[in-house]
Amino acid sequence: MSEEKRTEIGELGEFGLIEKLSEGFEPGNKETVKGIGDDAAVIDAGEKYTLISTDMLLEGVHFDLAYMPLQHLGYKAVAVNVSDIAAMNGVPKQVTVSLGLSNRFSVEAVELLYEGVKNACTEYGVDLVGGDTTSSGAGLVISVSILGEVAKERVVYRSQAMENDIVCVTGDLGAAYVGLQVMEREKQEYLANPEMQPKLDTYDYIVGRQLKPKARMDIIHEFSELNIVPTAMIDVSDGLASDIFHICKQSGLGVAIYEDKLPIDKQAYETAAEFSIDPNACALNGGEDYELLFTIGQDDFEKIKNHADIHTIGYMQAKGKGKTFVTRSNNVVELTAQGWKHF
Ligand code: ADP
Ligand code: MG
């Protein structure tokens, strides 16, 4: 009897699986400028490039309706897609929204979800132009596809960082992860004692970072005003370490990241301590901050050095020097990625 080979998806991991599946799908159309492997695909639309990306959120995997209000979920589903367009230095234009709905959901519930979709569309100047609606055996699925555009000379890939480029990140890191820990704890306490009211007010910032992440379109507009084109960029969805690895891999470089430069919000820092977790580990490996991680040439440093919301956290180095993490006590250790694992 022949035994069929069976490989667990976990053995390859998410990125290994995508690599394997996409083998042999080399783009054949001349308009396909960039296919699989960046935050969005890049299509030559004549005068400009069109950007296209898609992201799916599943109940029980990406969100728990015990603490995720439906309006916020609708907003987040659009915002995380806008974030991928931002990561290409582009501007979002249209979305389609597809839903899988079980009979647990009422019309009113779906309307709430769409209030959030609408808020995000209004905030980011995006038109809802279609989608698909189907029933789901269990749970809620929301999948958004997004179109954006970028001037050809301003598109930014993950692959064009240069040695000695400065590594920058916007906003702060780790808060969305710590916010999730707070909501998980409150949920467990609520399940144990439904009389209890959740105590979330002292955690408002970090909980908001998890429930209602913003896409950093403000930064994209500033790049244009400051006349900066980053050499490489990605949005921080899986965690800083995991996401800088994509830039390293695709640019063929190593990196040095400095612990004392990691931007961590005070509430996130204190709450991490309350949970006995290392705030730096949250900043390095916690996902879903949706900040922009990018590299710029040394010549552009002057333009961003006084920016209140852009932090320089390291520099790109030759591949042979590896990916290093310089601790507060000046020890140089290997940077390891323990980002969000789907499998
Ligand atoms: P991001 O985190 O920025 O949304 P992903 O890590 O999800 O990006 O995806 C990385 C790349 O792999 C993207 O170019 C994406 O379009 C592509 N990709 C993901 N899943 C598949 C799939 N099942 N088939 C083909 N391409 C995929
Ligand atoms: Mg991305």
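This passage describes the nonpolar cores, one helix and the cysteine residues of a predicted model.

The largest nonpolar core comprises 65 residues. Among its members, Leu73, Val82, Val95, Tyr124, Ile142, Leu292 and Phe294 touch the most other members. Helix H2, spanning residues 70-86, supplies the largest share of this core, with nine residues. The surroundings of Val82 illustrate the packing: discounting residues up to four places away in sequence, Val82 is in contact with Pro92, Tyr124, Val126, Ile146, Ala215 and Met217. A second core, separate from the largest, contains 23 residues, including Val169, Ile257, Ala283 and Phe325. In soluble globular proteins, nonpolar side chains tend to be buried together.

Helix H4 consists of 18 residues, from 175 to 192. The distance from its first C-alpha to its last is 26 Å, close to the 26 Å expected at 1.5 Å a residue. Buried positions in H4 are Ala175, Ala176, Val178, Gly179, Gln181, Val182, Met183 and Glu186. The cover over these buried residues includes three further helices, namely H5 (204-211), H8 (266-274) and H9 (279-285).

With respect to cysteine, a search of the whole structure returned zero disulfides. Cys121 has a relative accessibility of 9% and is therefore classed as buried, the cut-off being under 20%. Cys282 likewise counts as buried, because its relative accessibility is 4%.

How values were computed: Residues numbered from 1 in each chain as written. Chains lettered and ligands numbered in written order. Predicted model: local features only at pLDDT ≥ 70, side-chain atom pairs only at ≥ 80, totals over all residues. Heavy atoms only, no water. Helix = DSSP H or I, 4+ residues; strand = E, 2+ residues; numbered from the N terminus. Expected span 1.5 Å × (residues − 1). Buried < 20%, exposed > 50% of the residue type's maximum accessible area, 1.4 Å probe, protein only. Contact = heavy atoms within 4.5 Å. Core = buried A, V, L, I, M, F, W, Y, C linked by side-chain atoms within 4.5 Å. Disulfide = S-S within 2.5 Å.
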